[in-house]
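This report goes through a protein model in plain terms, beginning with a strand pairing and ending with charged side chains. The sequence and the structure come next.

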Amino acid sequence: GSAMGYWELLLRLGDREFVTNHATTSAFLDRMVAYPGGIIQDTLVRVWIDNQLSDGEIQIGDDMARLENVHANLLAIAGEGDTMVTPGAAKRVMDHVSSSDKAFRVVPGGHMGILAGSQAPEASWIEIADWLGERSG
């Protein structure tokens, strides 16, 4: 995946927006703390293979966390170009949480682009700020 990402960068060097998104995302990933292998394994098995969240729950250690127990205000944002968690899949969280104040938005970007991409300040950051502003005293 990493090699293909650089290959696509080479192919699209003339696309300023693509290069900006690539640089922003790369800088974000370069500064991330590495996850221990056990966390990656649990994530792969529980989220991707067993698809536990589709039933509104996920095992964390010896406990089962249930989304129905979430009552807090919730803003869920999905990227319109996200191929890892499509907007349709992300929206399913709304079916499982018990929050009375909940909102779902689709914004430009991919999985990480919704927060770190070149369009994030005008799209998702404003959505988040407005949503929080309406709930702040």
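In this predicted model, I58 has A65 in β2 as its bridge partner. The pairing belongs to a set of 4 bridges between strand β1, residues 57–60, and strand β2, residues 63–66. The two strands run antiparallel and form a hairpin with 2 residues between them. G61 sits in the turn and has a positive phi of about 65°. In a regular strand, side chains alternate between the two faces of the sheet.

A positive phi also occurs ahead of the hairpin. N51 has a phi near 50°, although this residue is not a glycine. N51 is part of the loop that leads from α3 (37–49) to β1. The relative accessible area of N51 is 40%, so N51 counts as partly exposed, because that class covers values between the 20% limit for buried and the 50% limit for exposed.

**Overall fold**

The protein has 7 helices and 4 strands. Along the sequence they come in the order α-α-α-β-β-β-α-α-β-α-α. Measured out along the principal axes, the box filled by the C-alpha atoms is roughly 50 × 40 × 25 Å. The chain has 137 residues, and 23% of them count as buried. When contacts between residues at least 6 apart in sequence are taken, 58% of them join residues at least 24 apart. The protein exposes about 9400 Å², and carbon and sulfur atoms supply 57% of that area.

**Charges and salt bridges**

The protein carries 10 positive and 19 negative charges, and the mean positions of the two sets are 2 Å apart. Side chains of opposite charge can pair when their charged atoms come close. The structure holds 8 salt bridges, including the three in the table.

| Salt bridge | Closest N to O distance |
|---|---|
| R12 and D15 | 2.9 Å |
| D101 and R135 | 2.8 Å |
| R105 and E127 | 2.9 Å |

What sets the place of the D101 and R135 pair in the chain? The salt bridge between D101 and R135 links distant parts of the chain, 34 residues apart. D101 is in the loop between α5 (93–96) and β4 (102–107), while R135 is in the segment after α7 (124–134). Both ends are partly exposed: D101 has a relative accessibility of 23%, and R135 has a relative accessible area of 31%.

R105 and E127 form another salt bridge. R105 belongs to strand β4 and E127 to helix α7, so this pair ties together parts that are 22 residues apart in sequence. R105 is partly exposed, with a relative accessible area of 32%, and E127 is partly exposed at 28%.

Salt bridges with shared partners also join E8, R12 and D15 into one network. Within this network, R12 and D15 form a salt bridge with the closest N and O atoms 2.9 Å apart. R12 is partly exposed, at 32% relative accessible area. D15 is partly exposed as well, at 29% relative accessibility.

Conventions: Residues are numbered from 1 along each chain as its sequence is written. This is a predicted model: local features need pLDDT of at least 70, side-chain atom pairs count only at pLDDT 80 or more; totals for chains, interfaces and linings use all residues. Side-chain values use heavy atoms; hydrogens and water are left out. Two strands pair if DSSP finds at least two bridges between them. Buried means under 20% relative accessible area, exposed over 50%, partly exposed in between (1.4 Å probe, protein chains only). Contact means heavy atoms within 4.5 Å. Accessible areas come from the Shrake-Rupley method with a 1.4 Å probe; for residues, only the protein chains shown count as cover. Lys and Arg count as positive and Asp and Glu as negative; His and the chain ends are not counted. The place of a charge is taken as NZ of Lys, CZ of Arg, CG of Asp or CD of Glu. A salt bridge is a side-chain nitrogen of Lys or Arg within 4 Å of a carboxyl oxygen of Asp or Glu.
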